Amino acid sequence: MAMTRDDLNKLKAETQAKEPKNWIRVGYSTCGVAAGAKEVFDVLTEEAKARNMDLLVKKCGCVGLCSAEPLVEVNIEGAPRVFYGKVNKEVAHRIMDEHVCQKKLVENHIYEI
Amino acid sequence: MKQILMQDTSGTLKKELRDLYVSFNSHLRDNGLADKAQVVLVSDIGVHNKGMVVKVLPEGFIYINVQSTHIADIVAKTVVNGAKVDALAYERPNKQMRIVLRHCGILDPESIEDYIAHDGYQGLANALAMGPEKVIEEMKKSGLRGRGGAGFPTWLKWNLTRAVKGEAKYIICNGDEGDPGAYMDRSVLEGDPHAVIEGMVIGGFAVGARNGIFYIRAEYPLAVARIQKAIDVCYAKGLLGKDIFGSGFDFDVEIRLGAGAFVCGEETALIASVEGLRGYPRPRPPFPSVKGLWDKPTVINNVETLANVSYILFKGGEAFGKIGIEGSTGTKVFALTGKVKNSGLVEVPMGTTLREIVFDIGGGVFENRAIKAIQTGGPSGGMIPQEFFDTPVGYESLQKLGSIMGSGGMIVMDENDCMVDISKFYLGFCVDESCGKCAPCRIGGVQMLEILKKITQGKGELDDLEKLSEIAEAMQRASLCGLGQTAANPVLSTMKYFGMEYEKHVINKKCPAGKCASLVQYSINKERCTGCGLCARNCPVNAISGDRQTKYTIDMAKCIGCGNCYEVCKFGAVLRQ
Ligand SMILES: Cc1cc2nc3c(=O)[nH]c(=O)nc-3n(C[C@H](O)[C@H](O)[C@H](O)COP(=O)(O)O)c2cc1C
C-alpha cells in the first residue's frame with residue numbers, strides 16, 4: 001500500500017481542489033497558545049458552527065510576529081485578506097460579526113506581516 | 001468597498017492622527033462616499049518613522065507623511081479612481097524571504113494533505129528518483145551549510161558518511177535548541193513538521209541510513225506531539241516504512257527526548273544521550289560521520305538545515321544557490337528579541353545587513369532609545385557594536401567581527417544594557433551548563449565568572465582584565481567541546497568593543513549603563529520632587545521616606561540599588577550616578 005508518485009500528485013490535486021474560499025487561520029504554536037490562541041480558536045469555531053457558515057477555521061504554525069500573538073489571518077470573499085494581532089475573545093467575536101458577516105475590517109488590531 | 005488603513009502603532013490615537021481620522025471620515029461623508037470606503041485604524045503597516053502612514057486597499061498603495069491637506073487628493077484619485085497619488089507614495093521594501101518558514105502560519109501542521117497540497121514530499125519523490133549521488137550533487141550546488149552553529153557544508157557531511165562502508169547508519173535531527181532567546185527550531189518543528197521529516201528521509205537516502213532519530217528537548221511538548229503525529233500519519237500513508245514511493249528504500253523514524261542540558265546539543269554529547277548514557281561530549285576525531293551512534297556512521301543535522309533540504313530537492317540546488325551571498329547561500333531565520341519593537345522570527349536572505357534586520361524589519365529599538373549592540377550566536381557568540389551594523393550577515397562576515405552566526409539568536413541591546421553584566425550573564429549560563437568533564441571549561445569558566453562578579457561589584461583590579469583574556473585563551477584552546485571553546489566569546493567580544501566600559505567599572509567604579517547595582521547611587525532632587533511618593537511605594541526595602549512637604553529622600557544604608565524609583569519617577573527627580 002505504499003504511495004506512488006502518482007498517488008502523491010493525485011492527493012495534491014484533490015486537496016487543492018477542495019481548498020475553501022473562506023478561511024481563518026489561527027497561529028497555534030507555543031507562542032500563540034501561550035498568548036491565548038485556544039480561547040480565540042474556540043470562539044471562532046463555535047461561531048462559525050452556530051451561524052452554519054461555509055468557513056474553515058484552522059490551526060496553523062507561527063508566522064513570526066510573536067509579539068502580536070494571538071494572530072489570526074482572515075480571508076473572506078468581498079473583504080481584503082488581513083492579519084489581526086493581539087486577538088482575544090472579544091476581538092474574535094468582533095471579527096466574526098464585523099469582518100466575516102459585514103465585510104468590514106475590525107479596528108485597532110490589524111498588523112502587516 | 002475600499003479600506004483606508006491608518007497606522008496607529010502606539011494605539012493611543014494621538015491628537016494629530018485623530019484629527020486626520022475624523023477629517024477623512026467627514027470628507028467621505030460630505031462627498032457621499034461614506035459607503036464606498038471604510039476608514040480603519042490599524043496597529044502596524046510596517047512603515048516606521050515616516051510621519052502619518054496611510055494604506056488604501058485593495059490597491060495596496062502606501063502613503064507617507066500624510067497631512068489633512070492631502071485627504072481630498074487621496075480620496076479623489078485613489079478611492080474614486082483607483083489611481084496612485086505619486087507625491088505621497090512609498091514602496092515598502094520587502095526584506096524578508098521565506099524558505100524555511102515557507103509553510104509556517106499557512107498550513108495546518110497536523111494535516112499531511114495540507115502539506116502535500118503545498119508541494120510536500122515532492123522533493124523526496126525527486127530524490128528517490130535521482131539516486132543518492134545526484135542528491136548529494138544537488139546539495140553541493142545549493143551550497144547549503146549547517147544551520148546549527150558550525151556552518152559545515154551539508155553535502156560534504158553527507159558525503160563523508162556515504163563513503164563509509166557498512167550496513168547500519170543513522171541520521172539524527174538535532175532539535176535540542178538550547179541557546180537562550182532562540183526558538184527558530186521550535187517554530188519550524190511546530191509549524192511545519194513534515195518539511196523536517198521530508199528533509200531527514202532525503203538525507204537518510206543520500207547517505208544510506210535506514211533509521212532516523214529526532215532528538216527534541218522535552219521542554220518542547222507541542223513540537224514533540226506534532227512530529228509524532230506527522231510520523232504516524234507518514235507510516236499510515238506509506239511515506240515512512242518499507243519501500244517508499246516504490247523505490248525499494250526503507251526508512252524508519254523515532255523520537256528521543258532530551259532533558260534540557262545545553263551540552264546535549266553538542267553532537268557527541270547528543271549521541272551519548274541517545275544511547276542512554278550521561279550527556280558527556282567526547283574528543284573528535286573520530287567524527288560522528290564516521291563513528292557515531294552505536295559506533296555507526298551518523299549524520300547529525302539541525303532542524304532548519306533539514307527544512308531547507310526538502311525545499312532544495314523540490315526547487316533544485318542551483319536555484320537555491322543563487323539566493324544569498326558567496327559562501328553563505330540561502331536564507332537564515334533569526335529569533336529577534338531583546339529591546340526591539342517587533343520581536344519575533346524573521347527570515348532573510350544571507351547578505352542582509354544587521355541594520356536592515358533590526359530597523360527595517362524589527363521596527364527599531366523599544367521607546368526609540370539608542371541601540372548599543374546586537375548579540376548574535378548566543379552564549380558562543382559575541383556582541384556587535386554600531387559601527388558594524390552595515391555588515392551583510394554571513395558565516396564568515398560575522399566571524400570576522402568576533403561573533404558567529406550560531407543557530408540564529410539575535411538580541412538587541414540598548415543604552416541601558418551593561419556590557420559587563422551581559423557577558424556575566426552568558427558566561428554564567430555556560431558555567432551552569434558545563435558538564436564538568438574537562439578542566440579548562442569546568443575551572444576556567446568559574447574563575448572567569450568570579451572575576452566578572454568582582455568587577456560588577458566594584459572590586460575589580462586592573463590586572464583582572466588581563467587575567468580574563470588569559471583564561472579565555474586557555475579555555476578556547478584546551479576545552480574538549482564547543483561549549484568550553486566558545487564560552488568566553490561574549491566576554492572577549494565585549495572587552496574588544498566596549499573596553500571603555502570595563503575600565504569604567506574597574507578604575508572609576510562606575511557602571512555607565514546604571515545596571516550594576518553596587519556601582520550606582522540613587523538620590524532625589526528636592527527641586528524636582530513633587531512629593532507624590534510613587535518612589536517610596538515602589539521601593540522593595542522601604543529605603544525611601546518623606547512626605548509632600550519635606551519631599552522624599554533615600555536612605556543609602558538601606559538602598560539595594562534596584563533602580564525601581566528611577567524607573568517609576570515621572571518627573572525625573574530620581575538621579576542615578
Ligand atoms: C554546546 C553546544 C550546543 C549545541 N547545541 C546545538 C543545538 O541546540 N542545535 C543544533 O542544531 N546544533 C547544536 N550544536 C551544534 C551541533 O554540535 C552540530 O554541529 C549541529 O547539530 C550539526 O548540524 P548542522 O550541520 O545541520 O548545523 C551545539 C554545539 C555545541 C558545542
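**View 1. The largest pocket of this predicted model holds about 1,400 Å³ of space**. Its lining is made up of 50 residues, and the closest to the pocket centre are B:Gly148, B:Gly149, B:Ala150, B:Arg284 and B:Gly482. If you are thinking about chemistry here, the lining breaks down into 16 nonpolar, 23 polar and 11 charged residues.

**View 2. Several elements of chain B help to line the largest pocket**. Helices α6, α14 (395-400) and α18 (482-486) each supply at least two residues, and so does strand β9 (298-302). Which element gives the most to this lining? Here β9(B) takes the lead, with five residues.

**View 3. Now we zoom in on B:Lys157, a residue of helix α6 in chain B**. The helix covers residues 154-163. Is B:Lys157 buried or exposed? With a relative accessible area of 18%, B:Lys157 counts as buried, because the cut-off for that class is under 20%.

**View 4. The side chain of B:Lys157 meets a backbone oxygen**. The partner is B:Ile300, whose backbone oxygen is reached at 2.9 Å. Leaving aside residues up to four places away in sequence, B:Lys157 touches B:Val299, B:Ile300 and B:Asn301, along with B:Phe152, B:Glu267 and B:Ser289.

**View 5. A last close-up pairs B:Lys157 with B:Ile136**. These two residues are 21 residues apart along the chain, and their C-alpha atoms are separated by 9.9 Å in the model.

Definitions and conventions
Residues numbered from 1 in each chain as written. Chains lettered and ligands numbered in written order. Predicted model: local features only at pLDDT ≥ 70, side-chain atom pairs only at ≥ 80, totals over all residues. Heavy atoms only, no water. Helix = DSSP H or I, 4+ residues; strand = E, 2+ residues; numbered from the N terminus. Buried < 20%, exposed > 50% of the residue type's maximum accessible area, 1.4 Å probe, protein only. Contact = heavy atoms within 4.5 Å. Polar contact = N/O pair within 3.5 Å; in protein donor to acceptor, adjacent residues only side chain to side chain. 1 Å grid on protein atoms, 1.4 Å probe; cavity = no way out; pocket = protein on both sides within 12 Å on 5 of 7 lines; lining within 4 Å. Points joined across faces, edges and corners; volume = space filled by probe spheres on them. Nonpolar A, V, L, I, M, F, W, Y, C, P; charged D, E, K, R; others polar.
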